[in-house]
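I am keeping a notebook on this structure. My entries below record what I looked up, one topic at a time.

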Amino acid sequence: MHVCKLCSIQLWTYINIPGRLLFVRKNQGDSQCIYIPITMPWKTTANFQLNSGSSLDDRATLNDVIMNDGTDKVELTSVGIQVDENGDLPFTGPQYNYAADLEPSDIMNSNTDTKCRPENTNKSPRRTVWPFSKSKKKDERNGPVTVATGRSIEAKPMSPDQLNNPDRETWGKKIDFLLSVIGFAVDLANVWRFPFLCYKNGGGAFLIPYVLFLIFGGIPLFYMELVLGQYNRESAISVWKICPMFKGAGWAVVLMAFYVALYYNVIIAWSIYFLIASFTKILPWTTCDNVWNTILCDDGSFNYSGDGVTTGAINDNSPATEFYERGVLEMHKSAGIDDLGGIKWQLCLCLLATIVIVYFALWKGVRSSGKVVYVTATMPYIVMTILLIRGATLPGSLDGIKYYLTPKFDKLLTAEVWMDAASQIFYSIGAGFGVHIAFASYNKFNNNIYKDALITSSINCVTSFFSGFAIFAVLGYMARKKDVEIGSVATQGPGLVFIVYPEGLATLPGAQFWSIIFFIMLITLGLDSSMGGFEAVISGLTDEFPHIFKNKRELLVGCVTATVFLLALANITYGGIYVFHMLDYFAAGTSLLFAVLCEAIAVSWFYGVDRFSEDIEKMLGFKPGHWWRIMWKFVSPLFLSFIVTVGIVSYTPLTMDNYTYPTWANVLGWAIALSSMILIPLVAIVKVATEKGSFKQRLALAMTHEQERDTVKETWNVRQFKKQHWMSV
């Protein structure tokens, strides 16, 4: 390679931003160093010219990289790449090595000292590292690149996932990501809530508002979160570098994910307890001769007989009810939330087992959790299908399915049906917990996230509908055996999966087998959702504080899971069910809806739906249509505003069956809810207050993408202060 008389010249290449190329030339040992800074759009052929710049020490951090935006003005940006002792940049990924000779004519247009023209030398040529893939296949991001010598090579720039957070872990396979998203979204609520809401709100007619809210609210929000994570390759907190004043929304959703973990893992612990209890000759929830039973226990309710005829009524003193309330929870030893009592050690061990499983599923990152979901995400479908087939053979099952599906269109005239459909879609999709953002951040940059969003959201909703067949087939059988209306045995929540359904399965031949696979299904349904919540917390902290937690994932996972275990012990005391119900009611209700509303407004209005669409184009090669942009900018915020308003207006003091919570418990519940909600305005105020300049300047910096702060400080040309930004769709 030709070298300068006064300095040794090395040519580097670096891609600064997606869709642009940045070429940097660095001299060694001379203050009159030369850079080659060029930005080049895709599909553009350019002859590079040399521009002068300042020097960098060989071992210094490359903080000053010159960008040429096509004008004579040279700007500086901070990229923070460490130069090694050989003066090379630590590129990762596919590389194309190309040695270029520089002739004197190549720098004739530069402003450098003529003494620094290269001349021939006998020294060994220095290799120039070109971060291009070797693929010759052309696509809309490929094009011939002409270097200074006039030589052309087919080049594809390094993908942004190699340069933007290049050390970030990625999914082992595409299916790992899909199963993780499906596993998180498909949880216990798909089994114990949707079927009940469907029959209560008009059967098949309920599907009309459900599907409408899915199309106009659920899928757009789901797609938006996946795009945020994949494009920025950051989790729920640090992703808000796109609009720093809304970083409070990231903190809020991570805090809510932590709150949910405090009680959600308790459900898995209950399931483990029931699973262990299923390995007995006689299922403990079928008899009244146990130590926890009362004299009012009626064990004649569901004893199986060959002719399928029994008498009796479903009541609060059935063996299944007493086993759950007195044998498992031992809630009879507590008078309420202000009388929690001691910890039940058996449930403590079950909770510990849950936390240990989650820890070892997460401690190595998505490479380990992505393999666990092969079991936890698929097992529920296998078990659900088996239960449906078995349930369909039972007498009365067809009546249950008809009851589940028969449309009652007059129900659509009531507001409650539409409110239930809206809230069910939102919670079913699983938006707002930061999980989808975290999962998508481990994708490759050009992954077709659009197709993934449609596939996973559709599977989630179909699963909810499918589970109703398995549930109501057994409920129809139970109603036939009791000679009562199906509505008398239908319920939702823990009562369905821990009392009613186990009681029905216990009447079947081989009851132990059916109980075992049912509770395995519940455990797997809960585990992958729990893993998703933990991942949102762990990746959120890791990305926000990389200087503290980078390369310390095992320790961080251990600290988070241990903290959850200790705080969750309140839920397995004798009065723990009251704590559980309070957390379920307040931790991620209105507060979650409010956080996602702020998230939708921040992306669509402050960051800009036009810019968001451009981000998608850089990943997928095409912009989303006007339908998606209208959904993001107008319909989704209105959808969320509707749910938030309804949630606030319809608030009633907390109760559980016949128990009314004291005032202080409601105040505590609202304190938990507000503790996450308040972070959104609080962080915004702090961001604006800590900036320098006039209020307008501080506001501008708080709304500006972190990578554009220096440019804004120089020009104060803020896109959010222009009418076009707010009017664009």
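**Entry: a ring pair on α21.** I looked up W632 and found a relative accessibility of 1%, so W632 counts as buried. The model is a predicted one, and I keep that in mind throughout. Next I checked how many aromatic pairs there are, and the count came to 63. In one of them Y223 pairs with W632. I noted a tilted arrangement, with 5.5 Å from centre to centre and 45 degrees between the planes. I then asked where the two partners lie. Y223 is in helix α5 (residues 207–232) and W632 is in helix α21 (residues 626–649). The partners are 409 residues apart, so I wrote this down as a link between distant parts of the chain. Y223 also has a relative accessible area of 1%, and is buried because the limit is under 20%.

**Entry: a second ring pair.** I turned to Y450 and W628, which form an edge-to-face pair. Their centres are 5.8 Å apart and their planes stand at 80 degrees. This pair too links distant parts of the chain, with Y450 in helix α14 and W628 in helix α21, 178 residues apart. Is each partner buried or partly exposed? Y450 is partly exposed at 27% relative accessible area. W628 is buried at 10%.

**Entry: helix α14.** Y450 led me to look at its helix. Helix α14 covers residues 449–482, which is 34 residues. I read a reach of 49 Å from the first C-alpha to the last. That is close to the 50 Å expected at 1.5 Å a residue. The helix is mostly covered, with 24 of its 34 residues buried. I also looked just past its end, where D483 follows. The phi of D483 is positive, near 60 degrees.

**Entry: salt bridges.** I asked how many salt bridges the structure holds. The count is 15. Side chains of opposite charge can pair when their charged atoms come close.

I took K174 and D452 as one example, with the closest N and O atoms 3.1 Å apart. K174 lies in helix α2 (residues 174–185) and D452 in helix α14, so the pair ties together parts 278 residues apart in sequence. K174 is partly exposed at 34% relative accessibility. D452 is buried, at 1%.

Another example joins D420 and K200, at 3.4 Å from N to O. D420 sits in helix α12 (residues 415–429) and K200 in helix α4 (residues 194–200), so this bridge ties together parts 220 residues apart in sequence. I noted D420 as buried at 12% relative accessibility. K200 is partly exposed at 28%.

I returned to helix α14 for R480, whose side chain meets that of D399 in a salt bridge of 2.9 Å, N to O. D399 is in helix α11 (residues 397–405) and R480 is in α14, 81 residues apart, so I logged another link between distant parts of the chain. Both are partly exposed: D399 at 37% relative accessibility, and R480 at 46%. Which residues are joined into one network by salt bridges that share partners? They are K200, E416 and D420.

**Entry: charges over rings.** I looked for lysines placed over rings and noted two cases. The charged end of K364 sits over the ring of W363, 4.7 Å from its centre. The charged end of K633 sits over the ring of W605, at 4.5 Å from the ring centre.

**Entry: a nonpolar patch.** Which residues form a nonpolar patch on the surface? I listed I208, V211, L212, I215, F216, F409 and W627. Together they have about 590 Å² of accessible area. Helix α5 gives the largest share of the patch, five residues. I picked out F216, which lies in helix α5. F216 is partly exposed, with a relative accessible area of 36%.

**Entry: G495.** My last lookup was G495, placed in helix α15 (residues 494–505). G495 counts as partly exposed at 21% relative accessibility, because buried requires under 20%. I then checked G495 against E325, which is 170 residues away along the chain. Their C-alpha atoms are separated by 10.0 Å.

Conventions. Residues are numbered from 1 along each chain as its sequence is written. This is a predicted model: local features need pLDDT of at least 70, side-chain atom pairs count only at pLDDT 80 or more; totals for chains, interfaces and linings use all residues. Side-chain values use heavy atoms; hydrogens and water are left out. Helices (H or I, at least four residues) and strands (E, at least two) are DSSP runs, numbered from the N terminus. The expected span of a helix is 1.5 Å times one less than its number of residues. Buried means under 20% relative accessible area, exposed over 50%, partly exposed in between (1.4 Å probe, protein chains only). Rings of Phe, Tyr and Trp (its six-membered ring) pair if their centres lie within 6.5 Å; planes under 30 degrees apart count as stacked, over 60 as edge-to-face and the rest as tilted. A charge sits over a ring if NZ of Lys or CZ of Arg is within 6 Å of the ring centre and within 35 degrees of the ring normal. Patches are made of residues with over 30% relative accessible area and no salt bridge: like charges are joined within 9 Å, nonpolar side chains (Val, Leu, Ile, Met, Phe, Trp, Tyr) within 5 Å. Accessible areas come from the Shrake-Rupley method with a 1.4 Å probe; for residues, only the protein chains shown count as cover. A salt bridge is a side-chain nitrogen of Lys or Arg within 4 Å of a carboxyl oxygen of Asp or Glu.
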